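Biologist: I am new to this structure and should like to go through it by question and answer. Please show me the sequence and the model.

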Amino acid sequence: MKKPAGKGGRRRLADDDIDVWDHTAQSVEPLRKAKARFHPASERVEGAQVTSKSVAIEGPKVKAPKSAAALGKSSAVRIAAQPVAPTKSVAAPPIATFDRKKARKIRSGSIEIEARIDLHGMRQGEAHNALSAFIHRAQGRGQRWVLIITGKGKVSDRDDDAPFDMNQPRERGVLKRNVPRWLDEPELRGLVVSYTTAALQHGGEGALYVHLRKRG
């Protein structure tokens with residue numbers, strides 16, 4: 001309800017008109033403001049935004065992921081810290097019995113002796129090293145049939161419990177006894193199939209035919 005024009009209007013109100021206006025204006029109640037229109041979907045969107053904000057603010061803090069280099073380093077540390085299982089060593093097969101047919105063929109010359117070594121007259125340490133080098137070299141070359149000459153030697157009749165006598169002849173045949181034992185050691189057993197006493201024309205009891213394994 002608008003108040004009638006006053007000084008700025010086209011005509012001046014009389015005092016009676018002013019009194020009527022004031023009375024009327026006091027009895028009039030202002031209209032209530034209309035509620036703002038909204039769409040139900042907008043209320044759901046606003047509610048979701050508020051919920052997401054509260055989760056972002058009140059939720060637990062998430063640690064930033066480590067860099068790729070840091071992860072790689074930590075993984076390497078964990079891998080290195082793990083105990084390494086010991087590797088099982090494969091035992092070399094035992095020495096087999098020499099094939100009699102093969103022995104006869106060697107004696108008759110049907111199987112050729114591909115390499116030979118003469119240990120006769122060497123000291124034990126020297127002979128042991130020479131035998132090991134010879135077996136490895138022959139097997140590495142793919143040779144299968146070799147001859148080892150040890151010498152027949154001679155066993156004395158001296159009592160083992162008697163005190164050592166410088167005048168007593170030195171016992172011989174040490175290599176003859178030790179070479180079979182050396183061939184049966186783990187270092188050489190994996191390269192040797194079998195061995196046997198040679199024929200007379202190849203040294204008899206002072207020599208051995210040795211059958212070597214195929215080169216792997």
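Biologist: Leaving aside its neighbours within four places in sequence, with which residues is Arg 189 in contact?

Modeller: Please note that this is a predicted model. Arg 189 lies in helix α7. With neighbours within four places in sequence left aside, its contacts are Ala 92, Pro 93, Pro 94, Ile 95, Leu 183, Asp 184 and Arg 213.

Biologist: Is Arg 189 buried or exposed?

Modeller: Residues under 20% relative accessible area count as buried. The relative accessible area of Arg 189 is 17%, so this residue is buried.

Biologist: What distance separates the C-alpha atoms of Arg 189 and Pro 94?

Modeller: Pro 94 is one of the residues in contact with Arg 189. Along the chain, Arg 189 and Pro 94 are 95 residues apart. The separation of their C-alpha atoms is 6.9 Å.

Biologist: Turning to the whole protein, what pattern does it follow along the sequence?

Modeller: The protein has seven helices and four strands. Read along the sequence, they give the pattern α-α-α-α-β-α-β-α-α-β-β.

Biologist: What share of the contacts with a separation of 6 or more comes from residues 24 or more positions apart?

Modeller: The protein has 216 residues, of which 23% are buried. Among contacts with a separation of 6 or more, residues 24 or more positions apart account for 64%.

Biologist: Which helix gives the most to the largest nonpolar core?

Modeller: This core has 20 residues, and those touching the most other members are Leu 119, Leu 131, Ile 135, Ile 148, Val 179, Leu 183 and Val 210. At least two residues each come from β1 (115-118), α5 (124-140), β2 (145-149), α6 (174-183) and β4 (207-212). The element that gives the most, with five residues, is α5.

Biologist: With which residues is Leu 183 in contact, leaving aside neighbours within four places in sequence?

Modeller: Leu 183 is among the core residues that touch the most other members. Its contacts, with those neighbours left aside, are Ile 95, Leu 131, Ile 135, Ile 148, Leu 188, Arg 189, Val 192, Tyr 195, Leu 208 and Val 210.

Biologist: How many residues form the second, separate core?

Modeller: The second core includes Phe 98, Ala 198, Ala 199 and Ala 207. Its number of residues is eleven.

Biologist: Are α5 and α6 parallel, perpendicular or oblique to each other?

Modeller: Two packed helices are described by the angle and the distance between their axes. The axes of α5 and α6 come within 11 Å and cross at roughly 40°. Angles under 35 degrees count as roughly parallel, and 65 to 115 as roughly perpendicular. The crossing angle of α5 and α6 falls in neither range, and they are therefore oblique.

Biologist: How many nonpolar, polar and charged residues are in the contact of α5 with α6?

Modeller: The crossing of these two helices is right-handed. From α5 the contact takes Gln 124, Ala 127, His 128, Leu 131 and Ile 135, and from α6 it takes Val 174, Leu 175, Asn 178, Val 179, Trp 182 and Leu 183. These residues divide into eight nonpolar, three polar and no charged.

Biologist: What covers the buried residues of α6?

Modeller: The buried residues of α6 are Leu 175, Asn 178, Val 179, Pro 180, Trp 182 and Leu 183. Their cover includes α5, β2, α7 (186-189), β3 (192-197) and β4.

Biologist: Is Arg 100 buried or exposed?

Modeller: Arg 100 is placed in helix α4 (residues 100-108). A residue over 50% relative accessible area counts as exposed. The relative accessibility of Arg 100 is 69%, so this residue is exposed.

Biologist: With which residues is Lys 105 in contact, leaving aside neighbours within four places in sequence?

Modeller: Lys 105 is in helix α4. At 40% relative accessibility, Lys 105 counts as partly exposed. Its contacts, with those neighbours left aside, are Ser 110 and Ile 111.

Biologist: What distance separates the C-alpha atoms of Ser 108 and Ala 199?

Modeller: Ser 108 is in helix α4 and counts as exposed at 53% relative accessibility. Along the chain, Ser 108 and Ala 199 are 91 residues apart. Their C-alpha atoms are separated by 9.5 Å.

Definitions and conventions:
Residues numbered from 1 in each chain as written. Predicted model: local features only at pLDDT ≥ 70, side-chain atom pairs only at ≥ 80, totals over all residues. Heavy atoms only, no water. Core = buried A, V, L, I, M, F, W, Y, C linked by side-chain atoms within 4.5 Å. Buried < 20%, exposed > 50% of the residue type's maximum accessible area, 1.4 Å probe, protein only. Contact = heavy atoms within 4.5 Å. Axes fitted to C-alpha atoms, helices over the stretch in contact; angles between N-to-C directions. Parallel < 35°, antiparallel > 145°, perpendicular 65-115°, else oblique. Left-handed = near helix turned anticlockwise from the far one by under 90°. Nonpolar A, V, L, I, M, F, W, Y, C, P; charged D, E, K, R; others polar.
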